[in-house]
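User: I would like to learn how to read a few features of a protein model, with the general idea given before the particular case.

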Amino acid sequence: MSPNVILHWYPESPFAQKIAWALNYKKVDYKTVLINMIEPRPLRRPLDGGYRKTPILQIDNHIFCDTKVIIAELEKRYPEPSLYPATRSGQATEALCKAFSQWTDNTLFFSVVPQFLSMGIPDVIVKDRSAYSGTKIDVDQISAIAPFLKLELQAQFEVAEQLLLENDQGSKEWVLDTQLPSMADFHLATDTAFAGGLVGESWLKKNFPTLSAHKTRVLKVGGYEKTEDMPRISAEEALEIAKKESLEFVGEVKSTGTPLKAGVLVSVTPLDNGKIPVVGSLVHLTSQEVVLKHIDRESSLEVFIHFPIIGFAIVPVPANL
């Protein structure tokens, strides 16, 4: 029986779009749950244990938080077409894509964010994003300097444009010179699309025609319009699926030289933004992934929540808490 794959998202989220493209590229049969752009999201809490970011991917009663662990799970379950094709010279690309994402998901992405914050967004969103980042967002100040920060944005995108330039006569079709797109292409196109939507497609095409053309190619292979046509279910239906398909999970907990042992109550917290700890029993720990068994007291729903190790802190929870 095929698993229930459910994308919990809102279309304005660049990271949710990235996962949607990956699902479409791999031709995964999935459903969507449309969530609010801002908190509160009470019907998501039994699934994510308080995790603040978007998207999450639900596969029956397993919940995958953060795009890194979502991508890893998709590649494991649906290996073809691979998100890590070899380069034309035969070089492996998985590590390259993961390292590349540290730039695109952080430095490059956050060079675009001030343009979003300066667009006169509603106060309710400003308040929500302030709580999310842990810092009060001064929209007036950001708006005043946004035109000047656009210079930094342009410098970042000049670097991105150079990545696609093979020589003076032409450009590469894909970032890592692969025959098919890699995850690096989805990472880069996410930021390009985000910037184009804010600063303007005409600005993008005029200043960065190679990046603009690359984004168009990625959107095509990622079937960007397909997600809106996928079956949409309610948050309540997603919870029922998690209850109905409540399968046990047997993991492994590798020795780390710390008190992190199987069955120990731990918290997992993002290190950048949305620093809300998720608490559960440790059931799986490798060098790249941690999985908690989380039981929502109100609904008695039991789920297994997956996180990447990179970008997260895993610490034991004192027994008296």
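Analyst: We shall go through the sheet, a helix and the enclosed space in turn, keeping in mind that this is a predicted model.

User: How many strands form the sheet, and in what order do they come?

Analyst: Strands of a sheet pair through backbone hydrogen bonds, and the pairing may be parallel or antiparallel. Here 9 strands form an open sheet of mixed pairing, and their order is E2-E1-E3-E4-E10-E9-E8-E7-E11. Strand E2 (31–34) and strand E11 (312–316) stand at the edges with a single partner strand each, so one side of each has no neighbour in the sheet. From one strand to the next, the twist averages 35°.

User: How do strands E9 and E10 run, parallel or antiparallel?

Analyst: Strand E9 (residues 289–296) and strand E10 (residues 301–308) run antiparallel and are joined by 8 bridges. Within this pairing, Lys293 stands opposite Phe304 in E10.

User: What span should helix H4 have?

Analyst: At 1.5 Å a residue, the 24 residues of H4 (residues 94–117) should span 34 Å, and this agrees with its end C-alpha atoms, which are 33 Å apart. Helix H4 also bends by about 40° at Phe109.

User: Which residues line the largest cavity?

Analyst: Rolling a probe the size of a water molecule over the atoms shows where empty space is left. With a cut-off of 30 Å³ or more, the count comes to 1 cavity, and the largest cavity has a volume of about 30 Å³. Its lining consists of Trp9, Thr32, Thr227, Glu228, Met230 and Arg232, which by class gives 2 nonpolar, 2 polar and 2 charged residues.

Technical notes. Residues are numbered from 1 along each chain as its sequence is written. This is a predicted model: local features need pLDDT of at least 70, side-chain atom pairs count only at pLDDT 80 or more; totals for chains, interfaces and linings use all residues. Side-chain values use heavy atoms; hydrogens and water are left out. On a 1 Å grid over the protein atoms alone, a cavity is a set of points where a 1.4 Å probe fits but cannot get out, and a pocket is an open set with protein on both sides within 12 Å along at least five of seven lines; lining residues have an atom within 4 Å of a point. Grid points are joined across faces, edges and corners, and a volume is the space filled by probe spheres set on the points. Ala, Val, Leu, Ile, Met, Phe, Trp, Tyr, Cys and Pro count as nonpolar, Asp, Glu, Lys and Arg as charged, and the others, Gly among them, as polar. Helices (H or I, at least four residues) and strands (E, at least two) are DSSP runs, numbered from the N terminus. The expected span of a helix is 1.5 Å times one less than its number of residues. The bend at a residue is the angle between axes fitted to the seven residues ending there and the seven starting there. Two strands pair if DSSP finds at least two bridges between them. Axes are lines fitted to C-alpha atoms, for helices over the stretch in contact, and angles run from 0 to 180 degrees between N-to-C directions.
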